[in-house]
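Here is a set of exercises to work through with the structure open beside you. Try each task on your own, then follow the solution step by step.

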Amino acid sequence: MEPIIKGEDVKVVRWREKPKKLDTFSDIEVKESYGPEDLKNTNYEEEIGDPGEYPFTRGIHPNMYRGKIWTRRLFCGVGSPSFTNKRLKYQIKRGASGIIVSPDMPCNMDIEPDHPLADGFVALQGAPIYCGKDTDLIFEEIDLSSTSIAFQWCDSSALFTLACFIASAQKRGYDISKLRGSIINDPLHQYFGWYTGGQPHSSPHLKLKINTDIVEYCAKNMPYWHPVVINSYDISQSGTDVFQEVGFGFALAKEYIRSALKRGVDINKIGSRIMHVYTSNMDFFETIAKFRAVRRMWAKMMKEEFGATDPKACRAFITTHTDGYSLTYQQPANNILRIGIETLAAVLGGVQSTDPCGYDEPYCIPSHKAALMSLNTQNIIAYETGVVNCADPLGGSYYVEHLTNTIEDGINKYLNKIEEMGGIIAAIENGWAVKEVNESKIRRDMEVEEGKRLIVGVNELVLDKEEWVPVDIDRDAWLDDISGEEYIESLQAHKKNRDINKVKEKLSALHKTASTGDNLMPATIDTVNAGATLAEVLGTIREANGLHYDPYGMVENPFK
Amino acid sequence: MNTQGAKRIRILVAKPGLDIHDRGALLLCKAFRNAGMEVIYTGLWQTVEKIANAAIEEDVDAVAISLLDGQPVPIFSKIIKELKKNGGGDICLLGGGIAVTDSCKPQLEEMGVGGLYGPGTPLNVIVDEITELIKSMKN
């Protein structure tokens with residue numbers, strides 16, 4: 001601590017300090033206060049409604065968390081499938097009420113560990129699922145009838161992963177029509193939302209076709225499953241504002257829904273099955289208002305645009321991940337508080353599940369202790385704060401209702417722009433979507449750099465490392481135990497030991513199905529049961545559609 | 001920053017393999033440009049061979065590898081090997097991002113990686129140090 005110099009007064013420079021920034025995260029202007037005047041055009045029955053009633057602004061259930069506390073989850077997936085399994089069990093025993101399985105990067109990019117781009121990325125940032133054996137191991141001794149499972153697979157590998165999961169569940173005797181959970185399956189957002197440009201040898205039309213196959217298959221066979229989670233979270237993590245985050249999300253949803261309806265799927269069956277993941281960021285009220293606006297917009301879209309007749313199909317199921325980008329390397333203990341505030345905002349916004357970050361995310365994927373802290377955060381809010389007692393406790397607040405209206409208007413404007421362009425595929429193909437997101441990518445950092453946005457410990461109240469509140473950061477110690485090599489060897493062994501003729505036979509059947517345009521899921525499950533691997537399955541489908549075997553054009557079909 | 005007549009620093013910013021978190025790399029591009037450097041960005045999904053080739057073809061003074069994900073030691077050692085093989089052994093190699101941890105820094109330094117910047121390093125520190133480093137290498 002700095003020595004106090006005798007005879008010199010310490011001046012309190014922050015006395016009567018005024019806030020520096022008075023608009024929201026998305027630059028929405030905020031007045032000094034709000035009153036009845038600001039809501040004079042808002043009709044309660046039509047625009048807000050009671051909790052559990054159309055348009056569901058106040059929540060999708062009348063009693064909200066009194067009926068079921070939101071699902072408390074945590075990102076999981078690292079190392080071998082067995083290591084991931086251990087980690088999942090650890091989380092369940094320490095208070096998780098649902099689980100998330102996240103893919104490693106090659107999985108997420110539709111390629112395998114032996115791909116030239118995958119070197120140094122296997123089993124690091126998520127779990128590897130490249131064959132049916134992997135899902136057997138990941139879910140070993142986990143009761144699938146009482147567990148809601150969220151798969152974070154975004155791209156077309158969602159088809160393969162879900163097929164592996166179905167095969168594993170059926171082997172263990174589960175009735176798949178009773179399984180609960182979700183898979184992201186939002187391949188089009190990959191073209192612009194998170195990383196830019198898309199894979200060089202890919203077709204958004206084939207990606208959409210595979211997405212629809214999963215929707216159609218689940219509508220028929222897995223009614224409790226959410227076959228799509230619109231991944232607006234990734235779009236937000238590129239620095240976009242709330243209008244872009246939700247506007248792009250809804251544009252994606254419209255594309256998937258239109259495609260499913262063309263296939264003859266009933267909107268009443270999928271309206272609430274297509275769910276959403278948004279970020280919960282440090283702008284407390286903007287986050288709360290966003291979730292309320294999303295529910296109202298979704299309900300109206302389902303009823304007015306897509307003709308849903310069952311009000312239940314008009315409900316938006318929302319999950320949230322806290323804002324990874326709000327976390328700081330400096331003074332990581334502060335992140336615990338940031339994550340807590342963001343999780344509380346999500347709950348006050350009426351979400352169905354939360355997935356808080358680990359406080360050590362600026363250093364590594366969550367360590368065991370950071371994971372424990374995130375679980376505790378959710379359960380402290382659930383058990384100690386009383387927020388579960390009453391549905392939509394902020395409903396009727398002049399400010400929150402007005403902000404909800406403002407956000408809805410702004411999203412609609414942005415969404416209409418995309419619709420006028422011809423929808424999200426057109427916006428991808430003409431380069432507009434990529435340009436929009438790219439322009440946002442460094443905006444937030446520049447605001448911090450220029451001092452327009454204050455972040456404690458980064459550009460305000462910066463302290464030397466010695467003064468930081470100590471918190472356990474054990475990245476290296478625990479990541480040292482993880483090795484991709486071990487997994488790569490086991491995958492090679494799997495490929496050697498399987499009945500190769502059976503694999504070829506099932507892959508050629510898949511090729512035939514893929515050429516006819518029929519639903520790919522049943523044939524994919526057959527290939528998984530025969531021991532086929534991720535790239536073999538997706539490559540076969542791609543070739544049947546006139547594309548290169550490898551989305552990056554770097555690997556040839558091993559069976560040719 | 002840039003002095004008249006002096007040759008501007010040419011720097012290649014690269015994202016290897018499947019590391020697709022590119023906000024840091026884009027921010028660095030902007031900071032390097034603002035400091036008067038000539039910046040070339042590889043874009044995503046680059047093999048180490050492609051990165052090394054681009055560095056040599058573009059005749060850059062330095063290659064800055066940004067890594068949020070992935071294993072830095074094998075990735076850097078492969079890039080060094082490729083650079084040396086193709087006559088780019090004198091190009092200054094820099095690394096930054098979450099994956100560049102304190103524990104792998106000594107190994108990377110020993111391999112000859114010139115500047116290593118973990119998360120939380122202020123942009124001006126990165127720019128100033130790199131400028132000095134490249135100047136001293138050129139002399």
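Two residues are in contact if their C-beta atoms, placed from the backbone, lie within 7 Å. Keep in mind that this is a predicted model.

**Exercise 1. The contact between the chains**

Task: Find how many residues each chain gives to the contact, and which elements of chain B take part.

Solution:
- Step 1. Start with the totals: 23 residues come from chain B and 26 residues from chain A.
- Step 2. Now look for the elements on the side of chain B that touches chain A. Those giving two or more residues are α1 and α3 (72-85) of chain B.
- Step 3. Of the elements, α1(B) gives the most to this side, with four residues.
- Step 4. Sort the residues of this side of chain B by character: eleven are nonpolar, eight polar and four charged.

**Exercise 2. The sheet of chain B**

Task: Work out the order of the five strands in chain B and say which stand at the edges.

Solution:
- Step 1. Reading across the open sheet, you meet the strands in the order β2-β1-β3-β4-β5 (chain B), with parallel pairing.
- Step 2. β2 (38-41) and β5 (115-117) of chain B each have a single partner strand, so one side of each has no neighbour in the sheet; these two are the edges.
- Step 3. On average, and ignoring direction, neighbouring strands of this sheet are turned by 20° against each other.
- Step 4. Zoom in on one pair: strand β1 (residues 10-14) of chain B and strand β3 (residues 62-66) of chain B run parallel and are joined by four bridges. Leu12(B), for example, has Val63(B) in β3(B) as its bridge partner.
- Step 5. Add the helix: α1 (residues 23-34) of chain B packs on the sheet and touches β1, β2 and β3 of chain B. The direction of α1(B) makes about 160° with that of β2(B).

**Exercise 3. Two domains in chain A**

Task: Describe how the two domains of chain A meet.

Solution:
- Step 1. Mark the bounds: domain 1 of chain A covers 36-479 and domain 2 covers 486-544.
- Step 2. Their C-alpha centres lie 29 Å apart.
- Step 3. Count the contact: 26 residues of domain 1 of chain A touch 18 residues of domain 2 of chain A.
- Step 4. On the domain 1 side, the elements giving two or more residues are α4 (132-138), α5 (157-171) and α6 (204-221) of chain A. The largest share, seven residues, comes from α5(A).
- Step 5. By character, this side of domain 1 has 17 nonpolar, four polar and five charged residues.

**Exercise 4. Crossing helices in chain A**

Task: Decide whether each of two helix pairs, α8(A) with α13(A) and α11(A) with α12(A), is parallel or oblique.

Solution:
- Step 1. Helix α8 (residues 242-262) of chain A packs against helix α13 (residues 398-421) of chain A at an angle of about 50°, with the axes 8 Å apart.
- Step 2. Because of that angle, α8(A) is oblique to α13(A). Their crossing is right-handed.
- Step 3. Among the residues that meet are Phe243(A) and Phe250(A) in α8(A), and Ile407(A) and Tyr414(A) in α13(A). The residues of this contact divide into ten nonpolar, three polar and no charged.
- Step 4. Turn to the second pair: the axes of helix α11 (residues 333-348) of chain A and helix α12 (residues 368-384) of chain A come within 10 Å and cross at roughly 45°.
- Step 5. That angle makes α11(A) oblique to α12(A). The crossing of α11(A) and α12(A) is right-handed.
- Step 6. The contact includes Ile336(A) and Leu344(A) of α11(A), and Met373(A) and Ile381(A) of α12(A). Its residues divide into six nonpolar, five polar and no charged.

**Exercise 5. The sheet and two backbone details of chain A**

Task: Find the edge strands of the four-stranded sheet in chain A, then locate Pro55(A) and Asp110(A).

Solution:
- Step 1. The four strands form an open sheet in the order β2-β3-β4-β5 (chain A), with parallel pairing.
- Step 2. β2 (99-101) and β5 (225-226) of chain A are the edge strands, each pairing on one side only.
- Step 3. Three bridges pair β2(A) with strand β3 (residues 149-151) of chain A in the parallel sense. The bridge partner of Val101(A) in β3(A) is Phe151(A).
- Step 4. Pro55(A) lies in the loop between α1 (44-48) and β1 (71-72) of chain A. The peptide bond from Tyr54(A) to Pro55(A) is cis, with omega near 0°.
- Step 5. Asp110(A) is in the loop between α3 (105-108) and α4 of chain A. The phi of Asp110(A) is near 70°, a positive value in a residue other than glycine.

Notes: Residues are numbered from 1 along each chain as its sequence is written. Chains are lettered from A and ligands numbered from 1 in the order in which they are written. This is a predicted model: local features need pLDDT of at least 70, side-chain atom pairs count only at pLDDT 80 or more; totals for chains, interfaces and linings use all residues. Domain bounds come from an automatic or database domain assignment. Ala, Val, Leu, Ile, Met, Phe, Trp, Tyr, Cys and Pro count as nonpolar, Asp, Glu, Lys and Arg as charged, and the others, Gly among them, as polar. Axes are lines fitted to C-alpha atoms, for helices over the stretch in contact, and angles run from 0 to 180 degrees between N-to-C directions. Angles under 35 degrees count as roughly parallel, over 145 as roughly antiparallel, 65 to 115 as roughly perpendicular and the rest as oblique. A crossing is left-handed if the near helix is turned anticlockwise from the far one by less than a right angle, and right-handed if clockwise. Two strands pair if DSSP finds at least two bridges between them.
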